[in-house]
Amino acid sequence: MADPSETQQFVDHPQQQQQQQSRLLEILNEPSQWLKMLCRELNTSFVLGVVLVYGLSQGFSGSLFRVVSDYYWKDVQKVQPSQVQLFIGFYYLPWIMKPFWGLLTDVIPIKGYRRRPYFVFAGVIGFISSIIVAAHDGISAVWALVCLVGVTGGMAIADVTIDACIAKNSIEMQSLAPDLQTLCGVCSSVGALVGYSTSGFFVHHLGAQGALGVLALPPAAVVVLGFVIYELRTNKRQHEKKAAMEKVWEAVNGMYKTIKCPGVWKPSLYMYFSLALSISTHEGQFYWYTDPKAGPAFSQEFVGMIYAIGALASIVGVLIYQKFLKNCPFRNLLFFAQLLYATSGMLDLIFVLRWNLKLGIPDYFFVVMEECVSRIVSKIRWTPMIVLSTKLCPLGIEGTFFALLMCIDSLGSLSSKWAGGMALHALHVTRTDFRNLWLVLLIRNALRLATVSLIFLIPRADSSDVLIPPNLLSNSLKNLDTEEEGLQLASVNEKKREEERLGI
């Protein structure tokens, strides 16, 4: 006679398997349910815009641009790494102009639309610039730089247009602010993963200059987005010059009034120094990576693969923030993230000094490990700063002010690039001489550690707290009429009420 307990185990075993399969399906279905929730609470066309701008324009195009342009300056223009660092600094000029683009999108509609025309304009600039630099052989370094700045300009204008929508929605639906940044981070990381994975292939088969032609495809998609994305047309005659200038002046006054608040300028100052003090050594390391004598002589395909694996690690960093860290106080989170950032930088120093070989760790394995650690820590450090930035934007000029905050970040990145270029030049790091590269890395890591002393500038609040008074600009911006503005970023019910009010 069979043991009743054994019989019960046989009965329970299929039930356990069924429960495990059901749980697995729930986990696999969780991302799609999350996207459906965002589409339901916001708007499908807005979510599509985030995917195209952050995933295709910034993620794919930005990552491909990074690798291809590095090889273009090194193999086609044949310039020194310190010069390339200075050239790359100019890439940030369109991003520094984000407040200007933000003013345009907030207060100067074109044909009654505030967002759609600027997507088209951004795509056209990026498309033309990519075609020119890819099609003209023997183009001078100056004109090549102008075209490459045009490519980044297209990315910046598209970015500020979608960021205005994100900032507005983060204010109106504060509970979704971390989810929106997670969506942006995932799209950017997935796009970067594809871009980095294919960059080596494009450089190898098309050459560095020919591969720049691939960068024309994402701007073309942004042009299409400008025609298909849903936006209510404003009925007021805000295209008149006098009315537009009054709105610009009101927006500028609102920005000035907001930035004077200690709760705003202090974290903005921290974000600038956290970027500027981490001087960039990327070009010196890139030249060393690909040098056949002094460095490990990585191939074009492997360089792209390094960055692709790093992009995958960035997704892990975003998921770690979303799952475990999004409710942590900003000051505590950024304090430990900055410490990790400084510590992880020592891996670069170990690699350049070739201590990894003394420890028996191959170059290929160590550089992948270093890239993964660096990307995860960078995302954990960067994502809460973006969430914090959205919390500092007053309603009414959210696009303009968020652009101002991103401008400050771009100034920090520009300072980092130029300071790194000067450090490489001062310590005589060239196309073939890398003897002092380790010293530049040591200085960079020391400056990263010094940034921890500025953590008192960050508020102790978390992502659910209100950081600025809701009525801060209620009087000065009473004429901006934000209720009619922009893409439909509110809930479905709010969207229907807006359509009924306008008689649509």
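A pocket is an open set of grid points with protein on both sides within 12 Å along at least five of seven lines. With that in hand, let's explore this predicted model through four exercises.

**Exercise 1. Describe the largest pocket: its space, its lining and the helices that supply the lining.**

Step 1. Start with the space: about 410 Å³ lies in the largest pocket.

Step 2. Turn to the walls. The lining has 14 residues, and those nearest the centre are Glu30, Pro31, Trp34, Thr182 and Leu319.

Step 3. Find the helices. H1 (4-41), H8 (177-211) and H13 (300-325) each supply at least two residues of this lining.

Step 4. Sort the lining by character: nine residues are nonpolar, two polar and three charged.

**Exercise 2. Find the second largest cavity and work out which helix gives the most to its lining.**

Step 1. A search of the whole structure turns up two cavities of 30 Å³ or more. The second largest has a volume of about 70 Å³.

Step 2. Look around its centre. Of the 13 lining residues, Ser57, Val151, Gly154, Met155 and Pro219 lie nearest.

Step 3. Helices H2 (44-77), H6 (116-135), H7 (141-172) and H9 (217-228) each supply at least two lining residues. H7 gives the most, with four residues.

Step 4. Check for charge: this lining has eight nonpolar residues, five polar ones and no charged ones.

**Exercise 3. Locate the nonpolar surface patch that includes Ile128, and decide how exposed Ile128 is.**

Step 1. The patch is formed by Val124, Phe127, Ile128, Ile131 and Ile132, which together have about 380 Å² of accessible area.

Step 2. Place Ile128 in the fold: it belongs to helix H6.

Step 3. Partly exposed means between 20% and 50% relative accessible area. Ile128 has 45%, so it counts as partly exposed.

**Exercise 4. Examine three of the five salt bridges and sort their partners by burial.**

Step 1. Recall the idea: side chains of opposite charge can pair when their charged atoms come close.

Step 2. Lys74 pairs with Asp75, with the closest N and O atoms 3.5 Å apart. Lys74 is buried because its relative accessibility is 15%, while Asp75, at 32%, is partly exposed.

Step 3. Asp348 and Arg444 form another bridge, at 3.0 Å between the closest N and O atoms. Asp348 lies in helix H15 (346-352) and Arg444 in helix H19 (437-450), so the pair ties together parts 96 residues apart in sequence. Both partners are buried.

Step 4. Finally, Arg354 bridges to Asp363, where the closest N and O atoms are 2.3 Å apart. Asp363 counts as buried because its relative accessibility is 12%.

How values were computed
Residues numbered from 1 in each chain as written. Predicted model: local features only at pLDDT ≥ 70, side-chain atom pairs only at ≥ 80, totals over all residues. Heavy atoms only, no water. 1 Å grid on protein atoms, 1.4 Å probe; cavity = no way out; pocket = protein on both sides within 12 Å on 5 of 7 lines; lining within 4 Å. Points joined across faces, edges and corners; volume = space filled by probe spheres on them. Nonpolar A, V, L, I, M, F, W, Y, C, P; charged D, E, K, R; others polar. Patch = residues over 30% accessible without salt bridge, like charges linked within 9 Å, V, L, I, M, F, W, Y side chains within 5 Å. Areas by Shrake-Rupley, 256 points an atom, 1.4 Å probe, with all protein chains shown as cover. Salt bridge = Lys/Arg side-chain N within 4 Å of Asp/Glu carboxyl O. Buried < 20%, exposed > 50% of the residue type's maximum accessible area, 1.4 Å probe, protein only.
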